[in-house]
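Trainee: I am new to this structure and would like to take a close look at a single part of it, with the surroundings of that part filled in afterwards. Could you bring it up so that we can go through it together?

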Amino acid sequence: MSVGETVDTEPRKRGPRVARFGVVLVAVIALLFGVPWATLVWSGNDWPLPVFVAGTLLFAAVAGVFPWLMFRGHGGHRDRESRIADTLLGVAWVLFVWSIIGQLLGLLLLAAGVDGPLRSRVVSAFVVILSTVLLAWGHHEAMRVSRVRRVDVTIPRLGKGLDGLTVALITDTHYGPINRAAWSRGVTEVVNSLDADIVAHTGDIADGLVDQRLEMAAPLGEIRARFARVYVTGNHEYHSGAQGWVEHMEHLGWETLHNRHVLVTRGGDSLIVAGVDDRTAGGSGLPGHRTDHEAALSGTDPDLPVLLLAHQPQQITDAVKHGIDLQLSGHTHGGQMWPFHYLVLTDQPSLQGLSRHSDRTQLYTSRGTGFWGPPFRIFAPSEITLLTLRATA
């Protein structure tokens with residue numbers, strides 16, 4: 001090495017990161033598939049040897065192929081592999097959760113004097129039957145057109161002329177590897193039936209590039225609003241060609257609130273409707289994409305109320321700093337598959353519904369209109385939200 005030569009330390013740093021990721025991945029897969037295997041195949045069931053061997057080979061084969069399918073599907077935008085991987089993930093999660101609960105049932109049976117292998121086989125039957133019912137119901141919940149959730153929100157700074165203004169909120173449509181064009185048309189019909197003043201989409205529009213999801217996204221162009229149709233990016237856009245989606249939504253006639261705002265006026269009173277990019281935008285490397293509240297509110301009257309679109313509830317911290325009256329968000333899916341709810345709350349301040357974060361600032365978090373990944377929703381129903389804004393009396 002000559003004097004002054006630059007040494008590239010990045011490969012040295014990358015090695016440990018890759019190793020840590022590999023260890024975590026192996027541990028997660030071992031737990032996700034190992035716990036159901038132990039409950040259903042091993043763990044005192046005393047199955048005949050051919051049944052034990054076949055069950056073990058099945059779990060091992062699925063666990064082995066799962067990461068390949070996931071990386072090939074989502075990493076390479078290959079829909080068939082994504083569909084298989086996502087479904088396996090959902091099934092494995094439900095079996096994992098209810099296998100743990102099943103072990104608690106086994107302790108109760110043991111205390112009641114039920115001996116093995118009957119005790120273990122009762123637990124296995126409990127896990128399989130309940131998981132099957134939940135997966136069937138959860139798939140139905142994920143694939144149906146969302147129900148309408150109606151919420152009144154009082155905004156003290158709202159002018160009397162805007163009292164009763166309605167905002168239809170859709171979010172996390174996640175047009176993805178399962179073709180849901182008919183579902184998308186159904187969502188559009190429901191939104192149009194609400195006859196809203198404003199329609200908002202708070203991001204995660206799709207998993208895939210615009211060209212891949214044209215058919216599913218097309219009904220968005222038919223959505224009607226009296227004053228404005230507004231959209232902001234979510235974190236998934238930054239894996240799916242965010243700038244392409246920004247331009248496509250504008251092509252469909254929506255106002256893309258890419259760190260900007262529009263003004264809605266009725267009855268002599270005005271409301272600022274602003275939007276910021278997702279908090280992951282700045283790290284995407286995409287020029288001009290970042291969270292910028294100052295730009296979004298540039299030139300606005302500080303005395304006017306502000307409705308802010310921001311994909312993640314976690315962005316409420318900056319909303320409070322900037323005196324926002326109401327932030328609309330999605331991202332959490334309401335947990336999507338219980339008990340993932342509790343993991344979501346370790347990263348986000350709100351799971352779903354209306355919450356207050358300062359004397360002025362409120363947050364509404366939607367459970368999402370679509371779903372991501374596993375085509376299941378368990379104890380976390382999807383929603384199309386109709387918010388009615390109320391001025392104080």
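Trainee: At what angle do helix α2 and α3 pack, and how far apart are their axes?

Mentor: Please keep in mind throughout that what we have here is a predicted model. Helix α2, which covers residues 49-75, packs against α3 at an angle of about 130 degrees, and the axes of α2 and α3 are 8 Å apart. Because angles over 145 degrees count as roughly antiparallel and those from 65 to 115 as roughly perpendicular, with the rest beyond the roughly parallel ones called oblique, α2 is oblique to α3. As for the hand of the arrangement, α2 and α3 cross in a left-handed way. It helps to remember that two packed helices are described by the angle between their axes and the distance between the axes.

The helix α3, which spans residues 79-111, also packs against helix α4, residues 118-143, and there the axes come within 8 Å and cross at roughly 145 degrees. The crossing of α3 with α4 is right-handed, whereas that of α2 with α3 is left-handed. The residues of the contact of α3 with α4 comprise 15 nonpolar, six polar and one charged. In the loop between α3 and α4 you will find P117, and the peptide bond that leads from G116 to P117 is cis, with omega near 5 degrees. That deserves a pause, since most peptide bonds are trans.

From α3 we can move to the spaces inside the model, for α3 takes part in the lining of the largest pocket, where α3 and α10 (340-344) each supply at least two residues. The volume of the largest pocket is about 730 Å³, and among its 22 lining residues those closest to its centre are L89, F340, V344, W372 and P374. The largest share of this lining, three residues, is supplied by α10. Sorted by class, the lining of the largest pocket holds ten nonpolar, nine polar and three charged residues. Just as P117 lies in the loop between α3 and α4, P339 lies in the loop between β9 and α10, and the peptide bond from W338 to P339 is cis, with omega near 5 degrees.

There is also a closed space to consider, since the count of cavities of 30 Å³ or more comes to one. The largest cavity holds about 100 Å³ of space, and of the 14 residues that line it, D86, G176, P177, F371 and G373 are the closest to its centre. Here the largest share of the lining, three residues, comes from α3, and by class the lining of the largest cavity has five nonpolar, five polar and four charged residues.

To place these helices and spaces in the wider fold, look next at the strands. One open sheet consists of six strands in the order β1-β12-β2-β3-β4-β5, with mixed pairing, and its edge strands are β1 (147-154) and β5 (255-256), each of which pairs on one side only. Within this sheet, strand β2 (residues 165-170) pairs with strand β3 (residues 198-201) in the parallel sense over four bridges, and L169 stands opposite A200 in β3. In the loop between β2 and α5 (181-193) sits D172, which has a positive phi of about 50 degrees although it is not a glycine.

A further open sheet is formed by six strands in the order β6-β7-β8-β9-β11-β10, again with mixed pairing. Its edges are taken by β6 (260-266) and β10, each with a single partner strand, so one side of each is left without a neighbour in the sheet. On average, neighbouring strands of this sheet are turned by 20 degrees against each other, direction ignored. Strand β10 (residues 353-356) and strand β11 (residues 362-365) run antiparallel and are joined by four bridges, while a hairpin connects β10 to β11 through five residues. Strand β9 (residues 326-329), by contrast, runs parallel to β11, with four bridges joining the pair. A good residue on which to finish is Q362 of β11, which stands opposite R356 and is also the bridge partner of L326.

Terms used:
Residues are numbered from 1 along each chain as its sequence is written. This is a predicted model: local features need pLDDT of at least 70, side-chain atom pairs count only at pLDDT 80 or more; totals for chains, interfaces and linings use all residues. Side-chain values use heavy atoms; hydrogens and water are left out. On a 1 Å grid over the protein atoms alone, a cavity is a set of points where a 1.4 Å probe fits but cannot get out, and a pocket is an open set with protein on both sides within 12 Å along at least five of seven lines; lining residues have an atom within 4 Å of a point. Grid points are joined across faces, edges and corners, and a volume is the space filled by probe spheres set on the points. Ala, Val, Leu, Ile, Met, Phe, Trp, Tyr, Cys and Pro count as nonpolar, Asp, Glu, Lys and Arg as charged, and the others, Gly among them, as polar. Two strands pair if DSSP finds at least two bridges between them. Axes are lines fitted to C-alpha atoms, for helices over the stretch in contact, and angles run from 0 to 180 degrees between N-to-C directions. Angles under 35 degrees count as roughly parallel, over 145 as roughly antiparallel, 65 to 115 as roughly perpendicular and the rest as oblique. A crossing is left-handed if the near helix is turned anticlockwise from the far one by less than a right angle, and right-handed if clockwise.
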